[in-house]
Amino acid sequence: MNSTNTTTLVTGARGKVGRGVVARLHAAGHAVRAASARTADLTVPDGVEAVELALDRPETFAAALHGVRQVFLYPQPAGIDAFVTAAEAAGVEHVVLLSSSSVLGPDAEQDPLASHSLLVERALAGSGLTCTFLRPDAFASNALGWAYAIGRGLPIRLAHPDAHIAPIHPEDIADIAAEALTGTSLTGTAPTLTGPESLTFREQLAVLADALGREIPVERITRAEAEEEMGRHMPAHVVTSLLDLWAAADHGPAAVHDTTRTLLGRPARTYRQWAGENTAAFGRG
Ligand SMILES: NC(=O)c1ccc[n+]([C@@H]2O[C@H](COP(=O)([O-])OP(=O)(O)OC[C@H]3O[C@@H](n4cnc5c(N)ncnc54)[C@H](OP(=O)(O)O)[C@@H]3O)[C@@H](O)[C@H]2O)c1
């Protein structure tokens, strides 16, 4: 332990959750250092220090970790062993990891998406650091992947339009992360985080359509068509993993943990709220 360290290092500070964590800690008067692999693209509140940190480039670790007591960490297995070593050497006491509920799946070790977070959890669990693993389900903001098509009035083509998800608002994850970094009730725990209701993709698109005031056509396509279309934007193993996940989610409501209420004592933000706040992203662009 290094009792002289006071700063919280927030990785992923350009990301949807990391940005919110920086803002919350800073507003509450905590010393925060915002980290990004691309500091030129990073905007931070006045008074927040920005630092270059690429989680797959260990040569960036020591400077970013100097004087740090806690870390909010995005999962990156490529450099995690070196990161743990550097964090321990710097006197870091506590790491709050943005993990994923996918680590709880039966095939997590073989699944490329789940194993990404699982490998990082394991490296941290095997270290001397105190660790808190936040395990969210799908983010409501994944709907931004539909923005291009919706902005152009194109149909949303899905192999599993009736797959059930309990999408969580990224600001709720940021609230829970801030609690984990400033309070003690979550320290050492590994909560699964979901939104307040199970919604199929079709139902999510209906909520978005309502918020936008226009129809969003949904078209069911075959798995082969989805593989071809998704494969234009992401690696084949990720496509397979996502399609398997959605196929398994076709058969009934998603588990709702409603963790914002249980952990913070207030209702979770709804998908409708996220849609209402983000209509600008679904314009023509
Ligand atoms: N999305 C989900 O449904 C979901 C569910 C469970 C867990 N997770 C976990 O949560 C993490 C974040 O998820 P996310 O996909 O929503 O990503 P995100 O938070 O928007 O961004 C993650 C990081 O990607 C980099 N990045 C690359 N291009 C960017 C851009 N244009 N704008 C902002 N940041 C950009 C940034 O790091 P640099 O600044 O360092 O480049 C950023 O911190 C992932 O590690 C994932 O494992 C996600």
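1. V120 is a residue of helix α4, the helix that spans residues 112-125, and, like everything else described here, its placement is taken from a predicted model. V120 counts as buried because 29 other C-beta atoms lie within 10 Å, where the cut-off for a buried residue is 20 or more.

2. Which residues does V120 touch, once residues up to four places away in sequence are not counted? The contacts of V120 are then with P75, Q76, P77, I80 and L97. A78 also deserves a look alongside these residues, for V120 and A78 are separated by 42 residues in sequence, while their C-alpha atoms are 9.0 Å apart in space.

3. On the scale of the whole chain, the domain assignment gives domain 1 as residues 7-136, and domain 2 as two segments, 140-166 and 196-282. The centres of domain 1 and domain 2, taken over C-alpha atoms, are 26 Å apart. To the contact between them, domain 1 contributes four residues and domain 2 likewise four residues. On the side of domain 1 that touches domain 2, two residues are nonpolar and two are charged, with no polar residue there.

4. The surroundings of the ligand can be read in a similar way, beginning with the 19 residues around the ligand, of which G12, G15, S36, A37 and S100 come nearest. Helix α1, residues 16-27, supplies the largest share of this shell, with three residues. Sorted by class, the shell around the ligand holds eight nonpolar residues, eight polar residues and three charged residues.

Conventions. Residues are numbered from 1 along each chain as its sequence is written. This is a predicted model: local features need pLDDT of at least 70, side-chain atom pairs count only at pLDDT 80 or more; totals for chains, interfaces and linings use all residues. Domain bounds come from an automatic or database domain assignment. Two residues are in contact if their C-beta atoms, placed from the backbone, lie within 7 Å. Ala, Val, Leu, Ile, Met, Phe, Trp, Tyr, Cys and Pro count as nonpolar, Asp, Glu, Lys and Arg as charged, and the others, Gly among them, as polar. Helices (H or I, at least four residues) and strands (E, at least two) are DSSP runs, numbered from the N terminus. A residue is buried if 20 or more other C-beta atoms lie within 10 Å of its own, exposed if 12 or fewer, and partly exposed in between; C-beta atoms are placed from the backbone. A residue is near a molecule or strand if its C-beta atom, placed from the backbone, lies within 6 Å of it.
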